[in-house]
Amino acid sequence: MPHSELKDFKQRFEEGEFAQSAELSTRYLDENILIFDNIKVLTNPDPVRLQMNMIASCQAGSLKLNINGKEIEIGKNDIFVCPPNNTLDIMDVSPDFACTAMCLSNLGLQNILHSHISIWNRAMYVDKVSVVKMTEDEMLFYDKFTDLVRLCLNADYTQLTSWNPYRREIVETLLKSALLALCNSFSFALSKDERVPLSTTSELFDKFLELLQKSEVKHHPVEYFAQQLCITPKYLSIICKRHSGKTAIDWITEYTLADITYYLRSTSKSIKEISGILGFSNTSFFGKYVREHLHTSPLKYRENLRK
């Protein structure tokens with residue numbers, strides 16, 4: 001199948017393509033968070049395109065994948081992680097394979113991890129982590145986490161609880177706990193002596209992400225960050241595209257939107273105050289930016305986030 005015709009995992013599920021090839025159920029929190037539960041068989045040979053970040057924990061069996069030409073093997077107690085814009089080609093699946101997968105958009109991931117997102121980005125785009133091996137004891141944590149999220153996303157159950165109005169906050173807190181534990185596993189694995197030294201471009205990309213994370217105002221032109229790295233804006237975008245499939249402006253936009261979401265949802269600051277904090281020259285320009293990228297006004301977006 002030509003790459004341009006590939007459908008992403010979510011789209012293929014919604015169209016019923018996996019109905020005969022997988023025992024699979026799905027739960028949504030919103031368009032940014034999606035849980036695929038009880039994946040027991042995958043026999044559909046067509047490649048799968050990811051448009052969200054995928055985190056899958058394997059409970060049994062094994063799976064062999066080809067990710068953009070790189071062969072990966074996943075076994076029991078392994079956690080498989082993969083950023084968007086990658087194509088997964090399933091090569092071999094054991095009959096007893098079973099896993100649970102969680103998919104998060106970049107915005108959803110940014111909103112949950114926030115100040116810790118640099119650890120995730122470094123692992124995904126610089127160190128190219130694909131599989132994290134866990135012990136039985138460590139996997140127990142993720143199994144319990146999955147049970148809790150499954151319970152929180154069960155609409156019939158949550159309607160009977162007193163905390164149903166806070167379901168979103170509870171699920172996001174659970175997700176943050178699991179993601180922080182996973183990020184700690186990344187940090188532990190990457191701190192070992194056998195770590196491969198970074199190439200020049202990898203180091204520059206890593207420094208760019210670090211600058212972006214630490215900058216109080218993310219909404220700067222590419223030139224601002226390129227100047228601090230002593231390279232041209234064009235070269236910075238080439239490096240970003242090479243390592244992540246996204247341009248420098250894509251990364252800047254992603255981090256800016258995460259900050260916008262944080263301030264609108266988690267603070268009582270006015271739109272004028274937020275636009276100033278985030279480096280926008282006036283509220284009119286801020287409103288235009290939010291409508292362009294989030295397809296609604298800042299006030300409406302705040303209302304939707306707090307529902």
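Q: Before we start, what does "buried" mean here?
A: Buried means under 20% relative accessible area. The model we're looking at is a predicted one.

Q: Good, so what share of the chain's residues count as buried?
A: Of the 307 residues in the chain, 50% count as buried.

Q: And how many helices and strands are there?
A: The chain has 13 helices and ten strands.

Q: What about contacts between residues at least 6 apart in sequence, how many of those join residues at least 24 apart?
A: That share is 68% for this chain.

Q: Let's go to the helices. At what angle do α7 and α10 pack?
A: Helix α7, residues 200-214, packs on helix α10, residues 248-266, at about 30 degrees, and their axes are 10 Å apart. Angles under 35 degrees count as roughly parallel, so α7 is roughly parallel to α10.

Q: Is that crossing left-handed or right-handed?
A: The crossing of α7 and α10 is right-handed.

Q: Which residues meet there?
A: From α7 you have Phe205, Phe208, Leu209, Leu212 and Gln213, and they meet Ala248, Trp251, Ile252 and Tyr255 of α10. Sorted by class, the contact of α7 with α10 has eight nonpolar residues, one polar residue and no charged ones.

Q: α10 also packs with α13, right? At what angle?
A: Helix α13 covers residues 298-305, and α10 packs with it at about 70 degrees, with the axes 9 Å apart. The range from 65 to 115 degrees counts as roughly perpendicular, and α10 and α13 are therefore roughly perpendicular to each other. Their crossing is right-handed.

Q: Which residues make up that contact?
A: On the α10 side there are Thr261, Tyr263, Leu264 and Arg265, which meet Pro298, Tyr301, Arg302 and Leu305 in α13. By class, this contact of α10 with α13 has five nonpolar, one polar and two charged residues.

Q: Switching to strands: what is the order in the four-stranded open sheet?
A: The order is β3-β8-β5-β6, and the pairing is antiparallel.

Q: Which strands stand at the edges?
A: The edge strands are β3 (48-50) and β6 (70-75). Each has a single partner strand, so one side of each is left without a neighbour in the sheet. From one strand to the next, the twist averages 30 degrees.

Q: How many bridges link β5 and β6?
A: Strand β5, residues 62-67, pairs with β6 over six bridges, in the antiparallel sense. In that pairing, Ile67 stands opposite Lys70 in β6.

Q: What is the phi of Asn77, and where does Asn77 lie?
A: Phi of Asn77 is near 70 degrees, which is a positive value in a residue other than glycine. Asn77 lies in the loop between β6 and β7 (78-82).

Q: Is Asn77 buried or exposed?
A: Asn77 counts as buried, because its relative accessibility is 11%.

Q: And His295, what about that one?
A: His295 also has a positive phi, near 60 degrees, and is likewise a residue other than glycine. The loop between α12 (283-294) and α13 is where His295 sits. With a relative accessible area of 68%, His295 is exposed.

Q: Last one: where is Ser275, and which residues does Ser275 touch?
A: Ser275 is in helix α11, residues 271-277. Leaving out residues up to four places away in sequence, Ser275 touches Phe280, Asn282, Thr283 and Phe286. Ser275 is buried, with a relative accessible area of 2%.

Definitions and conventions: Residues are numbered from 1 along each chain as its sequence is written. This is a predicted model: local features need pLDDT of at least 70, side-chain atom pairs count only at pLDDT 80 or more; totals for chains, interfaces and linings use all residues. Side-chain values use heavy atoms; hydrogens and water are left out. Axes are lines fitted to C-alpha atoms, for helices over the stretch in contact, and angles run from 0 to 180 degrees between N-to-C directions. Helices (H or I, at least four residues) and strands (E, at least two) are DSSP runs, numbered from the N terminus. Angles under 35 degrees count as roughly parallel, over 145 as roughly antiparallel, 65 to 115 as roughly perpendicular and the rest as oblique. A crossing is left-handed if the near helix is turned anticlockwise from the far one by less than a right angle, and right-handed if clockwise. Contact means heavy atoms within 4.5 Å. Ala, Val, Leu, Ile, Met, Phe, Trp, Tyr, Cys and Pro count as nonpolar, Asp, Glu, Lys and Arg as charged, and the others, Gly among them, as polar. Two strands pair if DSSP finds at least two bridges between them. Buried means under 20% relative accessible area, exposed over 50%, partly exposed in between (1.4 Å probe, protein chains only).
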